[in-house]
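Let's take a walk through this model together, beginning with the confidence scores and ending with a few backbone details. Keep the viewer open as you read.

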2 protein chains.
Amino acid sequence: MLQKDRQAAFDFARYIDERRARLEASLESFLPPAEPLKLYEAMRYSVLSGGKRLRAVLAMASAEAVQADESLEGEDPVELVLPLCCAIEMVHAMSLIHDDLPCLDNDDLRRGKPTNHKVFGEAMALLAGDGLLMMASEVLLSRTSKKVSPQALLDVALELCRATGPSGMVGGQVLDMEFTGAAGSGTVDEAVVSAIHKSKTGALIRFSLWSGGRLLGASAKQLESLSRLGEIVGLAFQITDDLLDITGSAESLGKTPGKDQASNKATWISVFGEDGARKKLKEMEAEGIQLIKDSSLDNPVSPTLTSLLQYSINREK
Amino acid sequence: MLQKDRQAAFDFARYIDERRARLEASLESFLPPAEPLKLYEAMRYSVLSGGKRLRAVLAMASAEAVQADESLEGEDPVELVLPLCCAIEMVHAMSLIHDDLPCLDNDDLRRGKPTNHKVFGEAMALLAGDGLLMMASEVLLSRTSKKVSPQALLDVALELCRATGPSGMVGGQVLDMEFTGAAGSGTVDEAVVSAIHKSKTGALIRFSLWSGGRLLGASAKQLESLSRLGEIVGLAFQITDDLLDITGSAESLGKTPGKDQASNKATWISVFGEDGARKKLKEMEAEGIQLIKDSSLDNPVSPTLTSLLQYSINREK
């Protein structure tokens, strides 16, 4: 079989469905209903409402891509990172809940359903977000197999905080807010948009790829490649998001499109236009594919990381 | 010297001032201004605004009270727990920021200053709280001395999440909210008020006493005593808070008094009245003193834990 045919034979749809199903089952088992019931209901509403689960699947794929610690030989890499993947999705869900609140984006619709505060009220949505932020680290720290090295777990727990906190996702939300309304005013340039993207969405996506490898004991060289790939996927994902905001429909997106332009958000498109964004995406795709090849991260029979990179660009929601 | 005179000779005011000064210096060094500047300004505004620092000092005192791991011999126990203490105070500051938001308590005044959202706006206050929650664990995980055992650090990081999350502080805020307005309606009894207190304030105070010991490698027996003492101090602290709400002035409290009764909050007083609350406080104090004595947690020359228990009851703010 030629390389091209081998790749074509890889059933990506089946791969991602199977990974998502394992993630959903773990989320359900790590976040069962409990007291206070209403709080858990609100947390579960957002965490268990589907979504692409791209971040979690990236962490699984990177765990499968690396050479694991000897002590983990014979273990299923996906099983080992399931608590990590749940933690990542909880943090992501939390960011959407707080982002949708009236004092920030004031969104009514998310994944085709009313946003958390529309169902549970602002106070409960606020607290559900806070709760998920803590549950994420709790699940990572309490549910990760004792076979994983304590130092690897400590490193991953620390980087999760960094990716999520003021120098990562939360910092990005602040930048996003500060520059909303400024697009077209001359203050928004590539440096500004890059800084927003790198922290707001990029940090958690980069963490997803890095952490799957780190937890399993990947080499420094592999971690460096995964980290750089994470930056590429993160930026490509966000530029695609910006494009979908102008080309997608509420039905396919599950949220209100056209909001970026209406609020003069600092997006890649606001600086480089639609064509500039599409050109950048092609460059990112090529760079990512080359990196995966150079670092031998993909198994030729099942090029999962390449497929995930392309999925993050070619998706329609 | 008689036991009584020895105790009188212990200069508690000087002790707590010195501990607070070390904490403030660490907070300043672990949370310097950074980008995004406005976010850090908002986080620093609430974290560095003083306060009693009871939780941090409790963690220091418990670290000093226990027999540390051999590997930590010769180390200063207070120095070893400073990152932990900063984490605790960051979590506490975060809970006040979110609690004061319009969708929750809608408070304008905290520690005699305008609340965070009054100064920085609701969105920034929301994100400053989120940022502090992550910074807390980040500081704990990245700044704790490498001499501390990785397993002790993992245990403490996990329990911080539990004390803070849905089964702790955040869960308590939900219960508090759900039962606000219900006092006097017959649905609020001792079980309800205990559950609120135990989670909303009790969990973090209990964690403070437990974690100072755990980080230094205290024995299971000592940890059990510290944990129970934490429950006692936590409940005593909250009942005192409830009493101060009816007896204190805005000037001494630095916040608006009388709000509990005005909003029919589920407090100890709403169930047992002022006399019942004072009686319970006396019982808690006696139980705590006995426990400290039975567990030999206090040095007779400097009875720090006894003094902190009494301080949490006799304080005027």
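The paragraphs below go from confidence to symmetry, then to the interface and the backbone.

What you have on screen is a predicted model, so a look at the scores is a good place to begin. Chain A has an average pLDDT of 93, and 97% of its residues reach at least 70. For the model, ipTM is 0.94 and pTM is 0.95. As a general caution, coordinates should not be read in detail where pLDDT is low.

Next, try laying one chain over the other. In general, a rotation about an axis and a shift along it relate two copies of a chain. Here, chain B lands on chain A after a rotation of 180° with 0.0 Å of shift along the axis, and the RMSD is 0.0 Å. That is the relation of a two-fold axis. Both copies also use the same surface, since 100% of the contact residues of chain B recur in chain A.

Now zoom in on the place where the chains meet. On each side there are 43 residues: 43 of chain B are in contact with 43 of chain A. About 3,700 Å² is buried between the two chains, and carbon and sulfur atoms give 81% of that area.

What about charged and polar pairs? Between chain B and chain A there are two salt bridges. The side chains of A:Arg162 and B:Glu138 meet in a salt bridge, at 3.6 Å from N to O. The count of residue pairs in polar contact between the chains, both at pLDDT 80 or more, is two.

Which elements of chain B give two or more residues to the side that touches chain A? They are α3 (37-47), α5 (77-100), α7 (122-143), α8 (150-164) and α9 (169-179) of chain B. The largest share, 14 residues, comes from α7(B). Sorted by class, this side of chain B has 27 nonpolar, nine polar and seven charged residues.

Finally, let's turn to the backbone. Most peptide bonds are trans, and most residues other than glycine have a negative phi. The bond from A:Glu35 to A:Pro36, however, is cis, with omega near -5°. You will find A:Pro36 in the loop between α2 (12-30) and α3 (37-47) of chain A. In chain B, the peptide bond from B:Glu35 to B:Pro36 is cis, with omega near -10°, and B:Pro36 lies in the loop between α2 (12-30) and α3 of that chain. One more residue to visit is A:Arg53, whose phi is positive, near 60°. A:Arg53 is found in the loop between α3 and α4 (54-65) of chain A.

Key. Residues are numbered from 1 along each chain as its sequence is written. Chains are lettered from A and ligands numbered from 1 in the order in which they are written. Side-chain values use heavy atoms; hydrogens and water are left out. Copies are superposed by least squares on the C-alpha atoms of residues with pLDDT of at least 70 in both. Contact means heavy atoms within 4.5 Å. pLDDT is the predictor's confidence in each residue, from 0 to 100. Buried area is the accessible area (1.4 Å probe) that two parts lose on being put together, summed over both. A salt bridge is a side-chain nitrogen of Lys or Arg within 4 Å of a carboxyl oxygen of Asp or Glu. A polar contact is a pair of N or O atoms within 3.5 Å; within protein, one must be able to donate a hydrogen and the other to accept it, and residues adjacent in sequence count only if both atoms are side-chain atoms. Helices (H or I, at least four residues) and strands (E, at least two) are DSSP runs, numbered from the N terminus. Ala, Val, Leu, Ile, Met, Phe, Trp, Tyr, Cys and Pro count as nonpolar, Asp, Glu, Lys and Arg as charged, and the others, Gly among them, as polar.
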